[in-house]
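Me: Please take a close look at a single part of this structure and explain it in a formal manner suited to a first-year student. I should like one connected answer that begins with the chain and then turns to that part.

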Amino acid sequence: MSWREEWETKRFVRLISDDGLNRIRVRLQIERGEVLRYVVQYETVVEGKIYPVVRYDSAHGYPHRDLLDWNGNVVERIWLAPVDYGAAATEAIAALDRDWPQPREAFLRTRP
């Protein structure tokens, strides 16, 4: 068995608004119950197109949050507390569940 066969990837999308226009996309890479990598992304639909707005992830070896522009480019990176990736992913999901309207409003204000 190769080392990659021991990894499990879990992916899911959860709608967070009744109109279906706002959602959280999650990808977790897990080995023996430990989250090795994660991506938690808030997305919104504008005129039928899906736009990523905020992404929490473990790229660069450290938990952080990226605010994105209309082309998906990072406009601001915020480094987060050094916690294990499972806890970081859980907090990211909770933060987006709770606070998604604010980044959406800010994102819409920057519309080209």
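The reply below begins with the chain and then turns to the surroundings of one tryptophan.

Reply: This is a predicted model, in which local features need pLDDT of at least 70 and side-chain atom pairs count only at pLDDT 80 or more, while totals for chains, interfaces and linings use all residues. Residues are numbered from 1 along each chain as its sequence is written, and side-chain values use heavy atoms, with hydrogens and water left out.

The term pLDDT is the predictor's confidence in each residue, from 0 to 100. The chain has a mean pLDDT of 93, and 94% of its residues reach 70 or more. Among its elements, strand β4 (residues 49–57) has the highest mean, 98, and strand β1 (residues 7–15) the lowest, 90. Where pLDDT is low, the predicted coordinates should not be read in detail.

The chain contains two helices and six strands; here helices (H or I, at least four residues) and strands (E, at least two) are DSSP runs, numbered from the N terminus. Read from the N terminus, the order of the elements is β-β-β-β-β-β-α-α. The C-alpha atoms fill a box of roughly 50 × 25 × 25 Å, taken along the principal axes. Of the 112 residues, 38% are buried, where buried means under 20% relative accessible area, exposed over 50%, and partly exposed in between (1.4 Å probe, protein chains only).

The part chosen for the close look is centred on Trp70, which is placed in the loop between β5 (64–68) and β6 (74–79). Is Trp70 buried or exposed? Trp70 counts as buried because its relative accessible area is 10%. Which residues surround it? Contact means heavy atoms within 4.5 Å. Leaving aside neighbours within four places in sequence, Trp70 is in contact with Val46, Tyr51, Phe107, Leu108, Thr110, Arg111 and Pro112.

Two of these neighbours also meet the side chain of Trp70 through polar atoms. A polar contact is a pair of N or O atoms within 3.5 Å; within protein, one must be able to donate a hydrogen and the other to accept it, and residues adjacent in sequence count only if both atoms are side-chain atoms. The side chain of Trp70 makes such a contact with the side chain of Thr110, at 3.2 Å. A polar atom of the Trp70 side chain also lies 3.0 Å from the backbone oxygen of Phe107.

The aromatic rings add a further aspect. A pair of aromatic rings is described by the distance of the centres and the angle of the planes. Rings of Phe, Tyr and Trp (its six-membered ring) pair if their centres lie within 6.5 Å; planes under 30 degrees apart count as stacked, over 60 as edge-to-face and the rest as tilted. By this rule the count is six aromatic pairs. One of them joins Tyr51 and Trp70 in an edge-to-face arrangement, with 4.7 Å from centre to centre and 65° between the planes. This pair links distant parts of the chain, since Tyr51 is in strand β4 and Trp70 in the loop between β5 and β6, 19 residues apart. The C-alpha atoms of Tyr51 and Trp70 are separated by 6.8 Å.

Tyr51 also pairs with Phe107; this pair is tilted, with 6.0 Å from centre to centre and 50° between the planes. Because Tyr51 lies in strand β4 and Phe107 in helix α2 (residues 101–109), the pair ties together parts that are 56 residues apart in sequence. Both partners lie under the cut-off for burial: Tyr51 is buried, with a relative accessible area of 13%, and Phe107 is buried, with a relative accessible area of 4%. Tyr51, Trp70 and Phe107 form one aromatic cluster.

In this picture, then, Phe107 appears among the contacts of Trp70, offers its backbone oxygen to within 3.0 Å of a polar atom of the Trp70 side chain, and belongs to the aromatic cluster with Tyr51 and Trp70.
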